[in-house]
Amino acid sequence: TLAIGDAKITIGKNIFTDNNIKIELKEKGKWHRLQNGINLDLDDLIYQYQQENNLPLILKQCQLNGKINVSGTLESFAVNTLQGTGNVILTNQKGTFQLKNLTFNQGNWTSQLQGQNVEIDSFSNINGEFDLIGNLTSFSLAGLKTWGRGNLILNGENIGIQSFNLDDYNLKVNLALTSLPIRKFLPKLPIPLNSFLTGNFTILGNINQLKLNKLKGQGSGQINLADGHINATSFTFEKGDWQTSATLHNIHARKLNYAIPLTFSPIINSTVNFKGKLEDFTLETLSGSGSGILTLPGGFVNIPNFTVKKGNFTASLTPQNLSLRSFSSQLPGTMGGLILVSGSLTKPTLNAITAEGNLNFNNYIKNQESPLNGIFNWDGERLNLAQLTTDGLNVRGFLDINSQFLGQTKAIKTINLKVTARKFNLENIAIPTSFPLVLEGLINFNGTITGSGIKPEFLGDII
C-alpha cells in the first residue's frame, strides 16, 4: 500500500467525507474504493447538469441511495476510465426506481431498472422492469437504450406493456388492453356507447414529442357493445388522424337508443371503414362508409351502402318481405322496396331523420293480388304520400306523426288525404282492431279523409 488518506468530496449541495481511500501499487497504480450507504440529493446537481444536457426531468428532486464498488487508474480520473458495480435506489415524490446490477466500464454503463408505482402525471402510474444501456459522459436520452415490460395504471385502469423499447429518443411500445372501459377515456361519447375494449396496439414516437399528433401506431381489438361486439381488424393512426376497418356482430340497436319501439328492435350486422381525429374522438368528427343488414322480428332490411361524414349519415335501405307487424301488431302483410335515409349519429331517432323512397305492400289488402305501391318522403314529423295506389284505389296527401307513439293510433296527429276509389271492395281494407268499424260492399268514392288517427273524418261522394 502506497498511501491511505482522508478526503472530502463535494457534489452539488452534498459533501462526502471519506476516511479510507487506498492507493495500491501492486496493481500498477490502480485505486479501489467501496462506497457504502450513499445518500445523495440530486436536485442541485441535476439543475446544473440540465443546463447543458438533456437529462430526463423525472430525476428532478431525486434522492439516491445505494452501494457502489468503484475502481480506476491514477493516470486518469476521467469518467471513461472508471469501472464499477452496484445497486442504487432513486426516490422522489413521483415514486421509486431501483437500478439493479449496475455496472460501468470504459464510459458505458448497464443496469436493470425496476419502477414501483411511479407517477407519470395525476392520472397515471407505471410499474415495470427494463434493461438500460447508456454512457457515463452523457446522462441524456440521446445515448440511452432501454427495453423491458411492465404495466401502466391509467385513470385507475391497468394497461399491460408487453414490450417497451427506447433507442436514441425513439420509442416503440406494445400495449395489451383487457376490458378497458372506453368512455372513461373518451367522456364525450354518449352514455349508451359505454363499452369495453380488448386488444393489442403498437405505438411509435419520439420521447420528446409525446403528443397525439406526433405519434403513430397500429393494432386490432374487440369492443363489447349492446349485447354484441365490434371487431376492429385494422386500426392505424398517424399525425393525429386514425382509421379502421371493422365488423359489427349482433349489435342490438335498442340497447343504444331506448326510443326505438320494442316491436321494431333491429339487430345490426355490418362491415365498416371509419376515420376521425384522435384529439376529438366523438361521433361528430366520424367519417366512413360500409354496408350491412338489419334483422327485425319480422324479416330483414339490407343496407347496400351507407356513408358517414362529420357525424351525419346517409343510407339506402331495401326491406326484404318485411312483416308490417314489426311496426305494429295490427298491420298485416309484408313490405319491400327502397328507402333513402339521412340523419345524425348523435340523434338517430325517427323525428330527427329524413327519408324518401318507393315501397310496395303485399297482402296488405285482402283478396287483392296486386300490391299496394307508395311513393313517399318523411321530414321527421310529416309523412307525405306522393302516391299510394293499387287496383281501384288512389291516395295522395300527408299524415302528421308523433313518433313517440309509433305503432298506436294516437301516433297519427293529423290526417289529410285525398282518396279516389273505383269498385273497391271495402272488406279488403285492413282496419286496425282499435277502430270499431265493420266495412263491406263495393264502393266508388271521391273525397277526403281528415281528422286524426283516433277520430278520422270522411268527406266526399259515394257513387
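User: Where is Lys275 placed in this structure?

Analyst: This is a predicted model. In the model, Lys275 sits in strand E16.

User: What does Lys275 touch, leaving out residues up to four places away in sequence?

Analyst: Lys275 touches Trp242, Gln243, Thr285, Leu286 and Ser287. These are called contacts because heavy atoms lie within 4.5 Å.

User: How far apart are Lys275 and Val308, in sequence and in space?

Analyst: They are 33 residues apart in sequence. From C-alpha to C-alpha, the gap is 9.7 Å.

User: Which residues lie nearest the centre of the second largest pocket?

Analyst: Asp241, Trp242, Lys275, Gly276 and Ser287 do. The lining has 13 residues. Strands E14 (228-238), E15 (241-252) and E16 (267-277) each give two or more residues to that lining. The space inside is about 230 Å³.

User: What makes Lys275 a charged residue and Gly276 a polar one?

Analyst: The classes go by residue type. Lys counts as charged, so Lys275 is charged; Gly counts as polar, so Gly276 is polar. Over the lining of this pocket, the split is 2 nonpolar, 5 polar and 6 charged.

User: Why is Pro266 called buried?

Analyst: Buried means under 20% relative accessible area. Pro266 has 5% relative accessibility, so Pro266 counts as buried. Pro266 lies in the loop between helix H2 (253-256) and E16.

User: What surrounds Pro266, apart from residues up to four places away in sequence?

Analyst: Pro266 touches Ile251, His252, Ala253, Ile260, Leu294, Thr295 and Leu296. Take Leu294 from that list. Pro266 and Leu294 are 28 residues apart in sequence, and their C-alpha atoms are 5.6 Å apart.

User: How do you know whether Asn444 is buried or exposed?

Analyst: Compare the value with the cut-off. Asn444 has a relative accessible area of 17%, and buried means under 20%, so Asn444 is buried. Asn444 belongs to strand E27 (residues 442-451).

User: What makes the pair Lys423 and Asn444 fit the distance limit for a polar contact?

Analyst: The limit is 3.5 Å. A polar atom of the Asn444 side chain lies 2.5 Å from the backbone nitrogen of Lys423. The value of 2.5 Å is within 3.5 Å, so the pair meets the distance limit.

User: Why is Gln106 called exposed?

Analyst: Exposed means over 50% relative accessible area. Gln106 has 60%, so Gln106 is exposed. Gln106 is in the loop between E6 and strand E7 (108-121).

User: What is phi for Gln106 and for Asn101?

Analyst: Phi of Gln106 is near 55°. Phi of Asn101 is near 50°. Each is a positive value in a residue other than glycine. Asn101 is in strand E6 (residues 95-105).

User: Which residues touch the most other members of the largest nonpolar core?

Analyst: Phe104 and Leu417 do, in a core of 84 residues. Core members must be buried, so Phe104 and Leu417 are each under 20% relative accessible area. In soluble globular proteins, nonpolar side chains tend to be buried together.

User: What does Leu417 touch, leaving out residues up to four places away in sequence?

Analyst: Leu417 touches Leu385, Val395, Arg396, Gly397, Phe398, Leu399, Gly447, Thr448 and Ile449.

User: How many helices and strands does the protein chain have, and what share of its residues is buried?

Analyst: The chain has 2 helices and 28 strands. Of its 463 residues, 39% count as buried.

How values were computed:
Residues are numbered from 1 along each chain as its sequence is written. This is a predicted model: local features need pLDDT of at least 70, side-chain atom pairs count only at pLDDT 80 or more; totals for chains, interfaces and linings use all residues. Side-chain values use heavy atoms; hydrogens and water are left out. On a 1 Å grid over the protein atoms alone, a cavity is a set of points where a 1.4 Å probe fits but cannot get out, and a pocket is an open set with protein on both sides within 12 Å along at least five of seven lines; lining residues have an atom within 4 Å of a point. Grid points are joined across faces, edges and corners, and a volume is the space filled by probe spheres set on the points. Helices (H or I, at least four residues) and strands (E, at least two) are DSSP runs, numbered from the N terminus. Buried means under 20% relative accessible area, exposed over 50%, partly exposed in between (1.4 Å probe, protein chains only). A polar contact is a pair of N or O atoms within 3.5 Å; within protein, one must be able to donate a hydrogen and the other to accept it, and residues adjacent in sequence count only if both atoms are side-chain atoms. A nonpolar core is a set of buried Ala, Val, Leu, Ile, Met, Phe, Trp, Tyr and Cys residues joined through side-chain atoms within 4.5 Å.
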